[in-house]
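Welcome to this structure! Here are a few notes to read alongside the sequence and the 3D view, starting with a pair of helices and then widening out.

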Amino acid sequence: MIGKDATARRWSIGELAQASGATVRALYHYDEIGLLSASERTASGHRRYTEDDLRRLYRVRALRALGFSLEEVAEALAGSSDDLLTMRELLATQLAALKQQAMRIHRLEQQLGGLLRQLDDASMPDPDQFMTTLEMISVFETSFTPEQQDQLAARRAELGPEAIEEAKTRWAGLVEQLLGHVQDDTPVTDPQVQDLLRRWEELGAAFHAQGAAGEQTKAVAQQMWQGNSAEISRRLPWTADQMASLVAYLERARQAR
């Protein structure tokens, strides 16, 4: 590295770009908007970045990777100092974000693993299965935030596979009973219907966290069912019309309490 004196290293803009993975254009832009300026200049006016500048660049890029806009990065850096505690907090936040990303990747691996197991059994998943998988991934990811997806995944992990399978069986039984009432046009105020609604909601609540976070994911799940019943029903033994009628019936039952 050039510009090395007796106490610390210095980097030219090209060297800093190559070492950090940022482009020279980005570094020029950071300078123009006051986000990161070289602390020193040579006699001929060339930028020289110091170790302090390098740490600031790391913080800029780390915050950008966490989804901050350049304006938000500037505000965050203006209100914090370059010390051990601040850097540790940033690194801890980065690590947590990477763990969340790893969990999402793991869930996708499980989904793909199901298709692969079917292939291993010498059975090619048909196009509808692939399309349904893609649709469900899309519905899930566009309905829940990454944080909410992680909360739901953590809750499923706490329940365990046996409890989840038992819940699926109970849920299917509730669907059949409720569809019978839908077909018979049973009044939603009927005690049996209200009891089935209570059991339905208790069963669903088991898959959500406690407190405000769980209430938010439950609300999103309900909206997802209401807005995507056709796509969801493709993976179920009931038709889209049946599921749409069931969702509407449950909503009327809730309002009748």
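1. Helix 1 and helix 2 are roughly perpendicular to each other. Their axes cross at roughly 115° and come within 9 Å. An angle from 65 to 115 degrees counts as roughly perpendicular, so the description fits this pair. In the sequence, helix 1 covers residues 13-20 and helix 2 covers residues 24-32. Please keep in mind that this is a predicted model.

2. The crossing itself has a hand: helix 1 passes helix 2 in a right-handed way. On the helix 1 side, the contact is made by I13, G14, L16 and A17, while helix 2 brings V24, L27 and Y28. Sorted by class, six of these residues are nonpolar, one is polar and none is charged.

3. It is worth staying with helix 1 a little longer. Which of its residues are buried? They are I13, E15, L16 and A17. These buried residues pack against helix 2, and also against strand 2 and helix 3. I13, L16 and A17 thus appear in the list of buried residues and in the contact with helix 2 as well. In general, an α-helix has 3.6 residues a turn, so residues three or four places apart point the same way.

4. Just after helix 1 comes G21. If you look at its backbone, you will find a positive phi, near 90°.

5. Next, have a look at T50, in the loop between strand 2 and helix 3 (51-65). Is T50 buried or exposed? Its relative accessible area is 9%, and buried means under 20%, so T50 is buried. Leaving aside residues up to four places away in sequence, T50 touches R9, R10, W11, S39 and E40.

6. Now for the chain as a whole. It holds 12 helices and two strands, and from the N terminus on the elements run α-α-β-β-α-α-α-α-α-α-α-α-α-α. Of the 257 residues, 32% are buried. Among contacts between residues at least 6 apart in sequence, 60% join residues at least 24 apart.

7. Finally, a word on confidence. The mean pLDDT of the chain is 77, with 71% of the residues at 70 or more. Among the elements, strand 2 (residues 47-48) has the highest mean pLDDT, 94, and helix 6 (residues 127-143) has the lowest, 53.

Technical notes. Residues are numbered from 1 along each chain as its sequence is written. This is a predicted model: local features need pLDDT of at least 70, side-chain atom pairs count only at pLDDT 80 or more; totals for chains, interfaces and linings use all residues. Side-chain values use heavy atoms; hydrogens and water are left out. Axes are lines fitted to C-alpha atoms, for helices over the stretch in contact, and angles run from 0 to 180 degrees between N-to-C directions. Helices (H or I, at least four residues) and strands (E, at least two) are DSSP runs, numbered from the N terminus. Angles under 35 degrees count as roughly parallel, over 145 as roughly antiparallel, 65 to 115 as roughly perpendicular and the rest as oblique. A crossing is left-handed if the near helix is turned anticlockwise from the far one by less than a right angle, and right-handed if clockwise. Contact means heavy atoms within 4.5 Å. Ala, Val, Leu, Ile, Met, Phe, Trp, Tyr, Cys and Pro count as nonpolar, Asp, Glu, Lys and Arg as charged, and the others, Gly among them, as polar. pLDDT is the predictor's confidence in each residue, from 0 to 100. Buried means under 20% relative accessible area, exposed over 50%, partly exposed in between (1.4 Å probe, protein chains only).
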